[in-house]
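Student: I would like a close look at a single helix in this model. Please take one, go through its faces and its packing, and then follow the contacts outward.

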Amino acid sequence: MHISLIANGFGAAVSDLDLRDNALESRGDALVQALDQHQLLAFRETDLDQQEYERLGQAIGTLEDFPDFGNTIGGKSLALSNLGLDGKIMAKDDMMRRNIAGDALWHTDHTYMPNRARYSFLKAEVVPSHGGETQYANTCLAYEALPEGMKQRLEGLVGLHSLKYSRSLVGFTDWPEEQSMGLLTIPQPLVFENPRSGRKSLYIASHIGEIVGMETAAARKLVGELIDFATQPQFVYAHKWRPGDVLVWDDRATMHRRAPYDDMHELRRLRTMRVIEPSDLYDPEAEYVIH
Ligand SMILES: [Fe+2]
């Protein structure tokens, strides 16, 4: 397995690894170590089929089960695209289109769920001719670059994450009732410490609507400042997709967002899968409120 840096001191391209090797599972530890070190790994222009893609995911952990939403193969991976259930590009006012507009905000996956994402994968199936990159911010490097005083201020702080809150930022509030019931507010540490490497990162996202023990306005201002700090060009890598590209990243040490493309005319379809872990600060008995 050969690993070479791709940009800005973070992210690494993996080559010389046979992704169809029957013993791929035995390389899982090496891949996790590489993720601890580089936060994001790229496998360029693979020709993995669905099963082989899932085997790669399973090499580094237990994959999340996705319900079958009708436009997916279901199971362990989910298609993210601008196609509706009828196979056509979603209309401008399509509810799903307005909902996924939130993916253009800096975020990290599943921080608003009892099981957060440890690692997320994307595989490019169909890519637009222009735009539609996925941009990644390395929040390990950003944390390390913070002034000491800020690091001390953040120590022990807990952010409250909610998809309802972040979607409201893009004007999406009309959740169907059955979905709305399932949307929770989940606490996560503002600074995450990788239990394997001891490295710290900002664990932040547009999903944070409150910080425990802080005035709402002050909390949102602080989160905004941290997102601005962490997304300065020296911490950001934009991946220009080619069909077959597979990326995997540590969700606790990065943020990402989708760059714009001509989504009324061009098709973009990526396939995601995730390794999940419990959101360990979450207490189902406690009440978390976002004002
Ligand atoms: Fe995401």
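Tutor: Start with the outward side of helix α8. A217, A218, K221, E225 and D228 are exposed there. This is a predicted model, so every statement here describes a prediction.

Now the helix itself. α8 runs over residues 216–230, which makes 15 residues. From first C-alpha to last, α8 reaches 21 Å. That is close to the 21 Å expected at 1.5 Å a residue.

Turn to the opposite side. A219, L222, V223, L226, I227 and A230 are buried in α8. These residues lie on the same side of the helix, because they cover an arc of only 135° around the axis. The exposed set, with K221, E225 and D228 among its members, is on the other side.

What do the buried residues of α8 pack against? The partners are β6, α4 (139–145), β10 (200–202), β11 (208–211) and β14. Two of these strands, β6 and β14, belong to one open sheet. Another, β11, belongs to a second open sheet. Take the sheets in turn.

The sheet with β6 has three strands. Their order is β12-β6-β14, and the pairing is antiparallel. The edges are β12 (236–239) and β14 (254–258), each of which pairs on one side only. From one strand to the next, the twist averages 20°. Strand β6 covers residues 134–138, and five bridges join β6 to β14. One residue pair shows the register: Y136 has H256 in β14 as its bridge partner.

The sheet with β11 also has three strands. Here the order is β8-β7-β11, again with antiparallel pairing. β8 and β11 are the edge strands, each pairing on one side only. The twist in this sheet averages 35° from one strand to the next. Three bridges join β7 (residues 158–162) to β11, and the two run antiparallel. H161 has I208 in β11 as its bridge partner. A word on what holds such an arrangement: strands of a sheet pair through backbone hydrogen bonds, either parallel or antiparallel.

Move to the far edge of that second sheet. T185 sits in strand β8, residues 185–189. T185 counts as buried, because 20 other C-beta atoms lie within 10 Å, and 20 is the cut-off for that class. Leaving aside neighbours within four places in sequence, T185 is in contact with L160, H161, S162, Y288 and I290. H161 thus appears twice: as a contact of T185, and as the bridge partner of I208. T185 and H107 are 78 residues apart along the chain, and their C-alpha atoms are separated by 15 Å.

Return to the first sheet and its edge strand β14 (254–258). A104 touches R257, R258 and P260, residues up to four places away in sequence not being counted. A104 itself is found in the loop between α3 and β5. A104 counts as partly exposed, because it has 14 C-beta neighbours inside 10 Å. From A104 to E193 the C-alpha distance is 26 Å, with their positions 89 residues apart in sequence.

The loop between α3 (95–100) and β5 (115–126) also holds H110. Phi of H110 is near 65°, a positive value in a residue other than glycine. Is H110 buried or exposed? H110 counts as buried, because it has 23 C-beta neighbours inside 10 Å.

E45 offers another positive phi, of about 45°, and is not a glycine either. E45 lies in the loop between β3 (40–43) and α2 (50–58). E45 counts as exposed, because it has 10 C-beta neighbours inside 10 Å. So a positive phi is found in a buried residue, H110, and in an exposed one, E45.

Finally, set α8 in the whole chain. The secondary structure comes to eight helices and 15 strands. Of the 291 residues, 36% count as buried. The C-alpha atoms fill a box of roughly 50 × 45 × 35 Å along the principal axes. The radius of gyration is 19 Å, which agrees with the value near 19 Å for a compact globule of 291 residues. Among contacts with a separation of 6 or more, residues 24 or more positions apart account for 81%.

Terms used: Residues numbered from 1 in each chain as written. Predicted model: local features only at pLDDT ≥ 70, side-chain atom pairs only at ≥ 80, totals over all residues. Helix = DSSP H or I, 4+ residues; strand = E, 2+ residues; numbered from the N terminus. Buried ≥ 20, exposed ≤ 12 C-beta atoms within 10 Å, placed from the backbone. Pairing = 2+ DSSP bridges. Axes fitted to C-alpha atoms, helices over the stretch in contact; angles between N-to-C directions. Contact = placed C-beta atoms within 7 Å. Expected span 1.5 Å × (residues − 1). Arc of directions from axis to C-beta. Rg over C-alpha atoms; globule rule 2.2 N^0.38 Å.
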